[in-house]
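Open the model in a viewer and keep the sequence panel beside it. Each stop below says what to select and what is there.

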Amino acid sequence: MRTSREDQTLSIDSRAQGDARMRYSSDFRSRGREAWDVSDAALVLFSGGQDSTTCLAWALARYARVETIAFDYGQRHRIELRQRPALLGALARQNSSWSERLGEDHVLDLGVLGQLGATALTGPGEIRLEANGLPNTFVPGRNLMFLTLAAALAYRRGIEVLVGGMCETDFSGYPDCRDETLRALAAALALGLAAPLTIETPLMWLDKAATWALAEELGGAALVDLILEDTHTCYLGERGTRHAWGYGCAHCPACVLRARGYERWSEARGAREAKTGS
């Protein structure tokens with residue numbers, strides 16, 4: 001397992017907040033599973049958005065076998081799910097080693113989430129803040145269920161590492177994206193499976209500008225262009241207008257975060273280039 005700072009490839013200010021990559025691991029090798037086969041593999045929660053695409057590239061740069069998983073939970077739109085095959089193919093074409101490492105893709109039906117109650121992500125309606133301070137785009141239990149099912153699949157596939165794009169720096173306040181939530185969940189899942197489990201969250205302490213910087217470090221201009229053209233972030237499913245930062249409505253919280261991060265990253269990049277004369 002990779003735990004050292006030398007493994008970090010980032011040179012960004014967010015590192016001062018802690019490791020750019022957070023790890024949550026629990027190891028229960030002794031509980032009745034003899035000669036547990038530890039493989040250099042990871043299962044990435046890959047929705048087809050900016051963050052999960054960046055996390056997939058991060059995993060492909062580090063693990064010998066990388067599988068992907070997504071969930072059809074009755075989303076307001078299916079654009080992210082439709083974007084996924086093209087993104088997987090493009091990532092494989094961009095880097096021959098990534099192509100060799102990229103393994104099976106899994107899409108699970110999780111329609112029960114939409115049956116538990118309407119949110120602005122699972123039905124029509126204006127996006128707004130609720131009385132509890134959370135936006136009505138929050139789907140209660142979504143990431144908890146995603147990671148639980150991903151852990152069950154990983155167990156079957158002989159994979160000990162889950163990779164997710166959760167972040168509590170530039171985010172909408174969702175409690176199931178927080179550091180403390182994932183620490184507790186990793187421990188509970190490892191106990192429940194009686195097996196080693198690590199949840200990697202490369203973006204946990206990165207703002208959106210640093211997420212763009214990470215994509216450039218991982219895959220250069222080609223990966224940045226792929227994220228701009230083919231990933232989808234917009235809550236409303238808008239892909240009619242191409243902005244500098246990609247497609248979207250430019251008004252929903254997800255678009256605002258993505259656009260603001262791209263602007264800050266572009267400005268910082270331009271300043272560095274001007275300083276170095278490149």
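Start by selecting V44 and V163: V44 stands opposite V163 in strand β5. β5 covers residues 161–163 and pairs with strand β2 in the parallel sense over two bridges. Two strands count as paired if DSSP finds at least two bridges between them. Helices (H or I, at least four residues) and strands (E, at least two) are DSSP runs, numbered from the N terminus.

A note on the model before going on. This is a predicted model, in which local features need pLDDT of at least 70 and side-chain atom pairs count only at pLDDT 80 or more, while totals for chains, interfaces and linings use all residues. Residues are numbered from 1 along each chain as its sequence is written, and side-chain values use heavy atoms, with hydrogens and water left out.

**Strand β2 and its other neighbour**

Select residues 41–45, which form β2; five of its five residues are buried. Buried means under 20% relative accessible area, exposed over 50%, and partly exposed in between (1.4 Å probe, protein chains only). Which residues point one way from β2, and which the other way? A41, L43 and L45 point one way, A42 and V44 the other, and all are buried.

Now add strand β3, residues 65–72, which runs parallel to β2 and is joined to it by five bridges. Two pairs are worth labelling here: V44 stands opposite T68, and L43 stands opposite E67. Seven of the eight residues of β3 are buried, so the strand is largely enclosed by the rest of the structure.

From T68, step across to D105, its bridge partner in strand β4. β4 spans residues 102–109 and pairs with β3 in the parallel sense over six bridges.

**Helix α1**

Return to β2 and follow the chain through helix α1 to β3: β2, α1 and β3 make a right-handed β-α-β unit. A crossover is right-handed if, with the strands pointing away from the viewer, the path from the first strand over the helix to the second runs clockwise.

Select α1 on its own, residues 50–60, with L60 in it. Eleven of the eleven residues of α1 are buried, so the helix is largely enclosed by the rest of the structure. Among them are C55, L56 and A59.

Then centre on L60, which has a relative accessible area of 0% and so is buried. What does L60 touch, not counting residues up to four places away in sequence? L60 touches V66, W98, R101 and L102, where contact means heavy atoms within 4.5 Å. For a distance label back to the starting residue, use the C-alpha atoms of L60 and V44: they are separated by 9.6 Å, and the two residues are 16 apart along the chain.

**Helix α7 and its two partners**

Next select helix α7, residues 208–230, together with α1: the two pack at an angle of about 70 degrees, with their axes 10 Å apart. That makes α1 roughly perpendicular to α7. Axes are lines fitted to C-alpha atoms, for helices over the stretch in contact, and angles run from 0 to 180 degrees between N-to-C directions. Angles under 35 degrees count as roughly parallel, over 145 as roughly antiparallel, 65 to 115 as roughly perpendicular and the rest as oblique.

To see the contact, show side chains for Q50, D51, T53, T54, A57 and W58 in α1, which meet K208, T211, W212, L214, A215, L218, L223 and I227 in α7.

Keep α7 and add helix α8, residues 253–276; the two axes come within 10 Å and cross at roughly 85 degrees. α7 and α8 are therefore roughly perpendicular to each other. The α7 side of this contact includes K208, W212, E216 and I227, and the α8 side includes R258, Y262, W265 and R272.

**Two loop residues**

Select A194, in the loop between α6 (179–193) and β6 (197–201). A194 is not a glycine, yet has a positive phi of about 50 degrees. Most residues other than glycine have a negative phi.

The second is A250, in the loop between β8 (246–247) and α8. Phi of A250 is near 75 degrees, again a positive value in a residue other than glycine. With 29% relative accessibility, A250 counts as partly exposed.

**The whole chain**

Finally, zoom out. The protein has eight helices and eight strands, and buried residues make up 51% of its 278 residues.
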